[in-house]
Amino acid sequence: MNARTPPPIRPVQADVEAAVRTLIRWAGDDPDREGLQDTPGRVARAYRTFFAGHEEDPAALLATTFEDAGGFDDLVLVRDIRFESHCEHHLVPIIGVAHVAYLPRDRVVGISKIARVVDAFARRLQIQERLTRQIADTLVDTLQPRGVAVVIEAQHLCMTTRGVHKPGSTTLTQRWVGRFRHAPELRRDVWQGIGRSGSGRTPAT
Ligand SMILES: Nc1nc2c(ncn2[C@@H]2O[C@H](COP(=O)(O)OP(=O)(O)OP(=O)(O)O)[C@@H](O)[C@H]2O)c(=O)[nH]1
Ligand SMILES: [Zn+2]
């Protein structure tokens, strides 16, 4: 944003409710009928939850670390972190799991904070590739570990409930940083840890 561009004005709840009334009318229904009267307010509140990550600073979630981990510097893998996100193309849910691994250098982080970082990025308008990368980059920047791995498997409802209509299809993305990039055995540890048999190939740089 350059100096002449004013910051975007954030709509207030009344603006959002008016937009939802328009959507209801566009769908062919009457926003004033009894069953729909409270819907615009509900949708505004739901969207606030869905996109709460835009208000969060994921790096701050990792601020508390522990150096006294008994010299532990081996693999830490938090598996099956269920998340709900929304695709930025259709505003339709992306539902999946993230598996996050790191090799500590001199400190570890509370494991719940890793799941919080996943949520902070998931609760935004997203594409899966960016979500994967943002989680990995945040761990790298804040913990400076020897390596980070993020694998995400997700179902995009824009592919299953509309458009190409492929129910059951899932998308898998992976990001390997540091030691994981050039150590197939470490990547195999992650694949085995998450119950999958990934290839040991070295990812393109
Ligand atoms: N790479 C990537 N694509 C995504 C993600 N979520 C949704 N998409 C895709 O974004 C694309 C948008 O394509 P468009 O042709 O502009 O939109 P569309 O006409 O609604 O496309 P269809 O979904 O094929 O009906 C689609 O191919 C979606 O499958 C994501 O996380 N990553
Ligand atoms: Zn989509």
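Here a biologist and a modeller talk through some labels given to this predicted model.

Biologist: Why is Cys-87 called partly exposed?

Modeller: Count its neighbours. Cys-87 has 18 C-beta neighbours inside 10 Å. Buried needs 20 or more, and exposed needs 12 or fewer. The count of 18 falls in between, so Cys-87 is partly exposed.

Biologist: What makes Cys-158 partly exposed?

Modeller: The reasoning is similar. Cys-158 has 17 C-beta neighbours inside 10 Å. That value lies between the cut-offs of 12 and 20, so Cys-158 counts as partly exposed.

Biologist: Where do these two cysteines sit?

Modeller: Cys-87 is in strand β2, residues 76-87. Cys-158 is in helix α6, residues 157-160.

Biologist: How do you know that Cys-87 touches Cys-158?

Modeller: Contact requires C-beta atoms within 7 Å, so a pair listed as touching meets that limit. Cys-158 is among the contacts of Cys-87, as are Val-92 and His-156. From the other side, Cys-158 touches Cys-87, and also residues including His-90 and Gly-163.

Biologist: Which residues does UniProt list for "binding site"?

Modeller: The unreviewed entry lists Cys-87, His-90 and Cys-158. They are spread over 72 residues of sequence, yet they cluster in space, with a largest C-alpha distance of 7.8 Å.

Biologist: Why is Asp-80 called exposed?

Modeller: Asp-80 has 12 C-beta neighbours inside 10 Å. The cut-off is 12 or fewer, so Asp-80 just qualifies as exposed. Asp-80 lies in strand β2. Its phi is near 55°, a positive value in a residue other than glycine.

Biologist: What makes His-165 exposed?

Modeller: His-165 has 9 other C-beta atoms within 10 Å. That is under the cut-off of 12, so His-165 is exposed. His-165 is found in the loop between α6 and β7. Its phi is near 50°, again positive in a residue other than glycine.

Biologist: Why is α4 called oblique to α5?

Modeller: Helix α4 (residues 111-122) and helix α5 (residues 128-143) pack at about 140°, with axes 10 Å apart. Roughly antiparallel needs over 145, and roughly perpendicular runs from 65 to 115. The angle fits neither range, so α4 is oblique to α5.

Biologist: Which residues make that contact?

Modeller: From α4 come Val-117, Val-118, Phe-121 and Ala-122. From α5 come Leu-131, Gln-134, Ile-135 and Thr-138.

Biologist: How do they divide into nonpolar, polar and charged?

Modeller: Six are nonpolar, two are polar and none is charged.

Conventions
Residues numbered from 1 in each chain as written. Chains lettered and ligands numbered in written order. Predicted model: local features only at pLDDT ≥ 70, side-chain atom pairs only at ≥ 80, totals over all residues. UniProt positions renumbered as here; feature names shortened; annotations may be inferred. Helix = DSSP H or I, 4+ residues; strand = E, 2+ residues; numbered from the N terminus. Contact = placed C-beta atoms within 7 Å. Axes fitted to C-alpha atoms, helices over the stretch in contact; angles between N-to-C directions. Parallel < 35°, antiparallel > 145°, perpendicular 65-115°, else oblique. Nonpolar A, V, L, I, M, F, W, Y, C, P; charged D, E, K, R; others polar. Lists of a residue's contacts leave out its neighbours within four places in sequence.
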